[in-house]
Amino acid sequence: MWEGDDSLSAVQHQTERGKHRLESQALLSAAACNDADTTQWNADSGHVQWQEDMSSCGLHCLGEGTCVTSCLAEKGWTSSCATCFGDLTDCTRANCLVECLG
């Protein structure tokens, strides 16, 4: 996914790398994904479904992290893992959106 790493921990690491850009309260709520999340991640060949979920939730929520968190939780991710992805969406919206659209 990032720098050739396709693991769920790489997504979590990317969120951690960008955490200085997030509000401290959001960081306190972010937690690691658990075994059930890892199973869901690994079952998604090429992470196509995760990408679709992130895109649909991100668009629906206009990139607002708490909304994305709720949306992803409805799609089967645990609350803590969905929060991590929601924080990633917040960071993307705040710091990388123009680059991602371009």
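Here are some questions and replies about this predicted model.

Me: What kinds of elements does the chain have, helices or strands, and how many of each?
Reply: Going from the N terminus, the elements read α-α-α-α-α-α-α. That fits the count for the chain, which is seven helices and zero strands.

Me: What share of the chain's residues count as buried?
Reply: A residue is called buried if its relative accessible area is under 20%. The chain has 102 residues to go through, and the share that passes as buried is 36%.

Me: How do the axes of H5 and H6 lie, roughly parallel, roughly perpendicular or oblique?
Reply: Two packed helices are described by the angle between their axes and the distance between the axes. For H5 (residues 65-74) and H6 (residues 79-95), the axes come within 7 Å and cross at roughly 140°. Angles over 145 degrees would count as roughly antiparallel, and 65 to 115 as roughly perpendicular. The crossing angle therefore makes H5, relative to H6, oblique.

Me: Which class of residue has six members in the contact of H5 with H6, and which hand does the crossing have?
Reply: H5 passes H6 in a right-handed crossing. H5 brings Gly65, Val68, Thr69, Leu72 and Ala73 to the contact, while H6 brings Ser79, Ala82, Thr83, Phe85, Gly86, Thr89 and Asp90. By class, that contact has five nonpolar residues, one charged residue and six that are polar.

Me: What share of the chain's accessible surface belongs to carbon and sulfur atoms?
Reply: Start with the whole accessible surface of the chain, about 6,000 Å². Of that, the part belonging to carbon and sulfur atoms is 53%.

Conventions
Residues numbered from 1 in each chain as written. Predicted model: local features only at pLDDT ≥ 70, side-chain atom pairs only at ≥ 80, totals over all residues. Heavy atoms only, no water. Axes fitted to C-alpha atoms, helices over the stretch in contact; angles between N-to-C directions. Helix = DSSP H or I, 4+ residues; strand = E, 2+ residues; numbered from the N terminus. Parallel < 35°, antiparallel > 145°, perpendicular 65-115°, else oblique. Left-handed = near helix turned anticlockwise from the far one by under 90°. Contact = heavy atoms within 4.5 Å. Nonpolar A, V, L, I, M, F, W, Y, C, P; charged D, E, K, R; others polar. Buried < 20%, exposed > 50% of the residue type's maximum accessible area, 1.4 Å probe, protein only. Areas by Shrake-Rupley, 256 points an atom, 1.4 Å probe, with all protein chains shown as cover.
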